[in-house]
Amino acid sequence: MRTPLLAGITMAALALTGCNKQAPAPAPSETPSLDATPANAPGTTLTDAVVQLPAVAGNPGVAYFTIAQGSGPARKLVAVHVDGAGKAEMHQSMSKDGMMAMEPLADVALDSGKSVAFKPGGNHVMLFDLAPSLKAGGVTEVTITLDNGDKASAKAKVVAPGEAVGAADAGAMDHMDHM
């Protein structure tokens, strides 16, 4: 009876010895770098990224950018991540009964050959639980996720509250007091 058990232990030991072999070293071009950034989704570009800090510490900040789906099938933007923000939510500003209001967005359609601007007074990303390391004049990274799991990233300029974030700034809703 000990023979089958001994044979089983021997086979398991032989199988595990393969685990001690080191994998071949990657070719120099495959070696990861700390400076590496994720490859952007094919045909998708993210530009004009800006993170605006809140007027009052502890309140949410806001992110703006333009995303373009230059080629390929139509996609949906389903998530946004901003380095230094604990949570990011896509929102839409709109006029409702003569007053400005915000609604969360589950996703944003991206048609092939078109771009969508996240700007003051329209689509934007509310940023919660901002890290103290985010300072005006600095840079952070914005990463978007599409419905197929592809991602695109861009560096974003960090600006002070009230600082202009682009030509679309006119008529902007004050996002600093909304949670």
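Me: In strand 10, which residue is the bridge partner of Glu 141?

Reply: Keep in mind that this is a predicted model. Strand 9 covers residues 139-146, and 7 bridges join it to strand 10 in an antiparallel run. Within that pairing, the partner of Glu 141 in strand 10 is Lys 155.

Me: And in the hairpin of strand 9 and strand 10, which residue takes a positive phi?

Reply: The hairpin leaves 4 residues between the strands. One residue there has a positive phi near 95°, and that's Gly 149.

Me: Strand 1 and strand 10 pair too, so to speak; parallel or antiparallel?

Reply: Strand 1 spans residues 44-52 and strand 10 spans residues 151-159, with 3 bridges between them. Val 50 stands opposite Lys 157 of strand 10. The sense of this pairing is parallel.

Me: Which element gives the most to the largest nonpolar core?

Reply: That core has 28 residues, and Phe 65, Leu 77, Val 80 and Ile 144 touch the most other members. The top contribution is 4 residues, and it comes from strand 10.

Me: What about the second, separate core: how many residues does it have?

Reply: Val 50, the residue opposite Lys 157, turns up here. Val 62, Val 159 and Val 165 are also included. The size of this second core is 5 residues.

Me: What share of the chain's residues count as buried?

Reply: Here the cut-off is under 20% relative accessible area. The chain holds 179 residues, in 1 helix and 10 strands plus whatever lies outside those elements. The share that counts as buried is 32%.

Note on methods
Residues are numbered from 1 along each chain as its sequence is written. This is a predicted model: local features need pLDDT of at least 70, side-chain atom pairs count only at pLDDT 80 or more; totals for chains, interfaces and linings use all residues. Side-chain values use heavy atoms; hydrogens and water are left out. Two strands pair if DSSP finds at least two bridges between them. Helices (H or I, at least four residues) and strands (E, at least two) are DSSP runs, numbered from the N terminus. A nonpolar core is a set of buried Ala, Val, Leu, Ile, Met, Phe, Trp, Tyr and Cys residues joined through side-chain atoms within 4.5 Å. Buried means under 20% relative accessible area, exposed over 50%, partly exposed in between (1.4 Å probe, protein chains only).
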